[in-house]
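Good morning, and thank you for the opportunity to speak. I should like to introduce a structure that is new to this group.

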Amino acid sequence: MNEYARISLWDDPSLRGEKEVTLRPFALRDGEIFPAVLVLPGGGYGGCSDQEGDPVAGWLNGLGISAFV
């Protein structure tokens, strides 16, 4: 699994730190057209569930699908 740097979804200084909204790509190939899935882990307003984000992205990578958490 290739985890790249987090992508900030918008630049708002009031959202820095734990409340910053980011997208983490787990892309298999760079610069190619490939299947991808958006993984939205549960957890409510307090954060994201650890068991529903990165492990799912890893599983999808094993199937040849890139994921964005």
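I shall begin with the overall fold and then turn to the interior, one ionic pair and the surface.

Please keep in mind that this is a predicted model. The protein chain contains 1 helix and 5 strands. Read from the N terminus, the order of these elements is β-β-β-β-α-β. Of the 69 residues in the protein chain, 20% are buried. If we take the contacts with a separation of 6 or more, 51% of them join residues 24 or more positions apart.

Let us now look inside. Which residues form the largest nonpolar core? There are 6 of them: Phe26, Val39, Ala57, Leu60, Ala67 and Val69. Val39 is a useful place to start. Once its neighbours within four places in sequence are set aside, Val39 contacts Glu52, Gly53, Val56, Leu60, Ala67, Phe68 and Val69. Leu60, Ala67 and Val69 in that list are also members of the core.

Beside these nonpolar residues, I would draw your attention to Ser66. This residue belongs to strand 5, which covers residues 66-68. Is Ser66 buried or exposed? Ser66 is buried, because its relative accessibility is 0%. A polar atom of its side chain lies 2.8 Å from the backbone nitrogen of Leu28. Beyond residues up to four places away in sequence, Ser66 touches Phe26, Ala27, Leu28, Phe34, Pro35, Ala36, Val37 and Asn61.

I turn next to charge. Side chains of opposite charge can pair when their charged atoms come close. How many salt bridges does a search of the whole structure find? The search finds 1. Asp54 pairs with Arg24, and their closest N and O atoms are 2.1 Å apart. Asp54 sits in helix 1 (residues 54-62) and Arg24 in the loop between strand 2 and strand 3 (25-26), so the salt bridge ties together parts that are 30 residues apart in sequence. The two partners also fall into separate accessibility classes: Asp54 is partly exposed at 31%, whereas Arg24 is buried at 15%.

Finally, the surface. The accessible surface of the protein chain is about 5000 Å², and carbon and sulfur atoms account for 56% of that area. Ile7, Leu9 and Trp10 together make a nonpolar surface patch of about 300 Å². Trp10 is located in the loop between strand 1 (7-8) and strand 2 (22-23). With a relative accessible area of 47%, Trp10 counts as partly exposed.

That concludes my presentation; I thank you for your attention.

Terms used:
Residues numbered from 1 in each chain as written. Predicted model: local features only at pLDDT ≥ 70, side-chain atom pairs only at ≥ 80, totals over all residues. Heavy atoms only, no water. Patch = residues over 30% accessible without salt bridge, like charges linked within 9 Å, V, L, I, M, F, W, Y side chains within 5 Å. Areas by Shrake-Rupley, 256 points an atom, 1.4 Å probe, with all protein chains shown as cover. Salt bridge = Lys/Arg side-chain N within 4 Å of Asp/Glu carboxyl O. Helix = DSSP H or I, 4+ residues; strand = E, 2+ residues; numbered from the N terminus. Buried < 20%, exposed > 50% of the residue type's maximum accessible area, 1.4 Å probe, protein only. Core = buried A, V, L, I, M, F, W, Y, C linked by side-chain atoms within 4.5 Å. Contact = heavy atoms within 4.5 Å. Polar contact = N/O pair within 3.5 Å; in protein donor to acceptor, adjacent residues only side chain to side chain.
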